[in-house]
Amino acid sequence: MTIPRSADLASDVLTHTYDDMFNPPGLTNFLGTAQVDLDVFAVRSVNFPPYSHGDCITGQLYVDGRLARSYGGTVEVVWRPDCVVRSTTVDGLDLRSTTACAPGRPAVVVQLEVSGAPGRSVRLGLALNSTATRSPSGWLKPEPPSEPNTLRADGEHVVGTGESGSAVSVQGLDVPGAVDRSMLEATITLDSSGRGRLAYVHVLAGDLAQATEHFDACVADVPAVIADAEVLWDKALADAFDPDSDGFSGSLPILETSNEALRKLYWWGVLGVIWFRRDNPASVLGRTYDTLMPRYWQTTTFIWDYSLSSLTHALLDPAPMRKHIEHWIDLDTHKHFGTEWLTGGPVGYWYSVNDFAMTRLVRDYVRFTGNSGFLDDSVGSKPVGEHLYDWATAWRGLRGDHALADYGGIDNLLECVSSYVHEVASFNAANVWCLRVAAELASRSGDDDRAELLRKEADEQAGHVNELYVEGAGFFHARQPDGAMVPVRHCYDFNIVGTTMAADLSETQRAEMVEFFQRELQTPTWMRALSPYDADAAFSLRPDHQWNGAYPAWPADAGRALFQLGRADVVLDWLPGLAKSANQGPTGQAHFVEEAVPAMAGGARKSPPQFPYLIDWSCSSSGSWVSLILEGVFGLEVGLDGTVTANPQVAALDPDARLTGLRVGSKTYDVTATGAHPSNPRLLG
């Protein structure tokens, strides 16, 4: 099995009770998104831009007049890319729902199967809500827009509209029943096998005629809609590995291995990028990739998160990657953290990572596509290569009284670590790497004087980064504007220093950093972003960057850092545990460590959306796991000139493992335990 299908990516059975620490799964049809709720039937966060519902919950189930969730008990959930299956037992009835986003339509369907005593009559009701709207501007807040709606019965379905009249929702069943303005109700009689069914359709559109057209098409055959969703997703997954398909502008190499953990983590990374693909006609940017879903920041692409999946985008879909790079350059990356695709406009304030992120994006695009001419193409007032030089040297303007750049306050950095501010080791180490990338570009263009100066500056800055190191401890200080040195035990310094300037560290430093990581950050199936021994661990409970969990890219990047620090053994021993956390669907915006919240089906549990955690169900930085497998486990190195080498570490996991069909420029390669080998050449489309 080398190319996954939807069924191969199904989650484990995830069991929860009402209002547990559980983040209910999301769904997408590449137009918009939806999320199942905590009962066995309801849906929430149904948003198909430009039309939105915010976080409205609708379709809460009643059984014989009683709210189903009020019975208590457990709900079992299985997520797949194409659908979510939920099941529970209520009053002697086994209830099983299947939820899917309708391919090509702004609609969600839920099919309910009921089992019980033959001949039993069951009255099923759905409590409805609607907050449909269309914002006159871009979606610039974490939550999608919404407005109060009036619900009214219209024939056999319910219509919701707001005062603005800018959007409409239509909700109804595929069986006859009673329709009230806020309730759908139908009575079914279980057949001689004790079985019965009904299905619900929810459409969000701009006017009643459009909504009714979509509703009628779905309600006519809900099982067919669910089957079509599987076909849609199976094709998207197959296209990702097929260089001849029209699904993506590139393709990913196929992994052949008998090692389950290796395969699971690779597929996890691939899935988590495809998951955020948006082919919505409302996008002014064409194809885009969202960052979070299904609850927060829909229609927004964060530069930081996109760059964490940079290698994956460069291989899988370089055409929209290039378009986004050019768009971000035009908007000035020092003035926003991303862009919103309904308008193309900037969103938010400056993130300190942007110079590093943009350098990484351009470098990966050029080295994997082989399109070195992109560096000479003008965007705005200068060639892309000169923009890269500007990003690599922008830190000079951020210096105060010290040699290192001051990267600002909490909102410019990790948002929930109050001590991680100003002169941090991570981005200053990234500057060392960016300077060397710029030097490589200068050498290739024949400007040896500039290249020599950049390399010299990089060496000097590496020395200054080392001034922040806490001797004997394995972590770094954050220097404040007044010169005060505040120790910060955060994984981001470990990750970025380890991946960008490991060769500039002493053997003692490298050993101490690994010891710190193992002692204070690593856990069996995940990691802590911040050490619980850090003084700032009391500041916040948001688990993407604090002591109780980590953002999904941090374990993958920590693994790459460990490879660079010479400790492949630590990573390879860790992979089986990490693979257990790939059991709940695409990576969450954060997963809890086992000490904070008990594991979910053996893996680090996805963190929930409610205050104080504020974590979405999935995040686009999943592509960082592809980087860990390709660049770490298989030791792949691709130069700006397209030179491909490899120093594989995979033999300890599976000596017969290999990557086939790796595309670099106009050539393809296979990578095995013995290195990288040219295979059949194939031109990029």
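1. In this predicted model, the contacts of P487, once its neighbours within four places in sequence are set aside, are with F475, F476, H477 and D534. P487 itself belongs to strand β31, which covers residues 485–488. Its relative accessibility is 43%, so P487 counts as partly exposed, the class between the 20% and 50% limits. The C-alpha of P487 lies 44 Å from that of G665, and the two residues are 178 apart in sequence.

2. H387 gives a second local case, this time in helix α8, which runs over residues 384–393. Because its relative accessible area is 11%, and buried means under 20%, H387 is classed as buried. Not counting residues up to four places away in sequence, H387 touches I329, V379 and K382.

3. Helix α9 is made up of 20 residues, 425–444, and the distance from its first C-alpha to its last is 29 Å, close to the 28 Å expected at 1.5 Å a residue. The helix is mostly covered, with 16 of the 20 residues buried. After α9 comes G446, which has a positive phi, near 90 degrees.

4. The largest nonpolar core contains 201 residues, and those with the most contacts inside it are L61, Y266, I274, W554, L630, V633 and F634. Helix α9 supplies the largest share of this core, namely 13 residues. A second core, separate from that one, has 21 residues, among them V85, A100, A107 and V225. As general background, nonpolar side chains in soluble globular proteins tend to be buried together.

5. Y266, one of the residues with the most contacts inside the largest core, can be followed further through its own neighbours. When those within four places in sequence are left aside, Y266 is in contact with F241, L252, P253 and L255, and also with V626, I629 and L630. L630 is likewise listed among the residues with the most contacts inside that core.

6. On internal voids, the count comes to five cavities of 30 Å³ or more, and the largest cavity has a volume of about 70 Å³. The lining of the largest cavity consists of E156, L173, V175, P176, G177, A178, V179, L184 and E185. Strands β18 (178–180) and β19 (183–189) each contribute at least two residues to this lining. Sorted by class, the lining of the largest cavity has six nonpolar residues, one polar residue and two charged residues.

Notes
Residues are numbered from 1 along each chain as its sequence is written. This is a predicted model: local features need pLDDT of at least 70, side-chain atom pairs count only at pLDDT 80 or more; totals for chains, interfaces and linings use all residues. Side-chain values use heavy atoms; hydrogens and water are left out. Helices (H or I, at least four residues) and strands (E, at least two) are DSSP runs, numbered from the N terminus. The expected span of a helix is 1.5 Å times one less than its number of residues. Buried means under 20% relative accessible area, exposed over 50%, partly exposed in between (1.4 Å probe, protein chains only). On a 1 Å grid over the protein atoms alone, a cavity is a set of points where a 1.4 Å probe fits but cannot get out, and a pocket is an open set with protein on both sides within 12 Å along at least five of seven lines; lining residues have an atom within 4 Å of a point. Grid points are joined across faces, edges and corners, and a volume is the space filled by probe spheres set on the points. Ala, Val, Leu, Ile, Met, Phe, Trp, Tyr, Cys and Pro count as nonpolar, Asp, Glu, Lys and Arg as charged, and the others, Gly among them, as polar. A nonpolar core is a set of buried Ala, Val, Leu, Ile, Met, Phe, Trp, Tyr and Cys residues joined through side-chain atoms within 4.5 Å. Contact means heavy atoms within 4.5 Å.
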